[in-house]
Amino acid sequence: MPISRAELHAEDAAALIDQLCKRWAGAKEIDRASDPVQVTFEEGSCYLQAQPDKLLVVVEALDDESHDELERQVDNALDELRGVELDIVWEA
């Protein structure tokens, strides 16, 4: 099961999680009661955790192709966050 993670500097990581959850609300299953927040996609899962001064993002899927697609989807969503410039580096 391929897994990758990114740590993104963010002054208000909880607000970024709120933006992402709103963006994905209609199409994805979101478990905001858990820590980290789990967003389930067709390709796999994305976990979002607010930490002091950073947002931790973990992506996991069943196979490499699904993982790459899910990572692209999450990457695009992060790039489109309002008022935020993030330097996203995925680590396997």
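Colleague: At what angle do H1 and H2 pack, and how far apart are their axes?

Modeller: The angle is about 120°, and the axes of H1 and H2 are 10 Å apart. Axes here are lines fitted to C-alpha atoms, for helices over the stretch in contact, with angles from 0 to 180 degrees between N-to-C directions. That makes H1 oblique to H2 (under 35 degrees is roughly parallel, over 145 roughly antiparallel, 65 to 115 roughly perpendicular, the rest oblique). Leu-20, Arg-23 and Trp-24 of H1 meet Val-74, Ala-77 and Leu-78 of H2, where contact means heavy atoms within 4.5 Å.

Colleague: Anything to know before I read on?

Modeller: This is a predicted model: local features need pLDDT of at least 70, side-chain atom pairs count only at pLDDT 80 or more, and totals for chains, interfaces and linings use all residues. Residues are numbered from 1 along each chain as its sequence is written, and side-chain values use heavy atoms, leaving out hydrogens and water.

Colleague: In what order do the strands of the sheet run?

Modeller: Strands of a sheet pair through backbone hydrogen bonds, either parallel or antiparallel. Here you've got an open sheet of 5 strands, ordered E1-E5-E4-E3-E2, with antiparallel pairing. (Helices, H or I of at least four residues, and strands, E of at least two, are DSSP runs numbered from the N terminus; strands pair if DSSP finds at least two bridges between them.) E1 (3–9) and E2 (29–31) are the edge strands with a single partner each, so one side of each has no neighbour in the sheet. On average, neighbouring strands are turned by 15° against each other, direction ignored.

Follow E4 (residues 44–51) and E5 (residues 54–61): they pair over 8 bridges, with Tyr-47 opposite Val-58 in E5. Helix H1 (residues 13–24) packs on the sheet, touching E2, E3 (37–40), E4 and E5, and makes about 150° with the direction of E4. H2 (residues 64–79) also packs on the sheet, touching E1, E4 and E5, and makes about 155° with E5.

Colleague: Which rings form the aromatic pair, and why is it edge-to-face?

Modeller: A pair of aromatic rings is described by the distance of the centres and the angle of the planes. The rings of Trp-24 and Phe-41 have centres 5.1 Å apart and planes at 80°, so the pair is edge-to-face. (Rings of Phe, Tyr and Trp, its six-membered ring, pair with centres within 6.5 Å; under 30 degrees is stacked, over 60 edge-to-face, the rest tilted.) Trp-24 sits in H1 and Phe-41 in the loop between E3 and E4, 17 residues apart.

Colleague: And which backbone spots should I look at?

Modeller: Most residues other than glycine have a negative phi, and most peptide bonds are trans. The bond from Asp-35 to Pro-36 is cis, with omega near 10°, and Pro-36 lies in the loop between E2 and E3. Asp-53 isn't a glycine, yet has a positive phi of about 65°; look for Asp-53 in the loop between E4 and E5.
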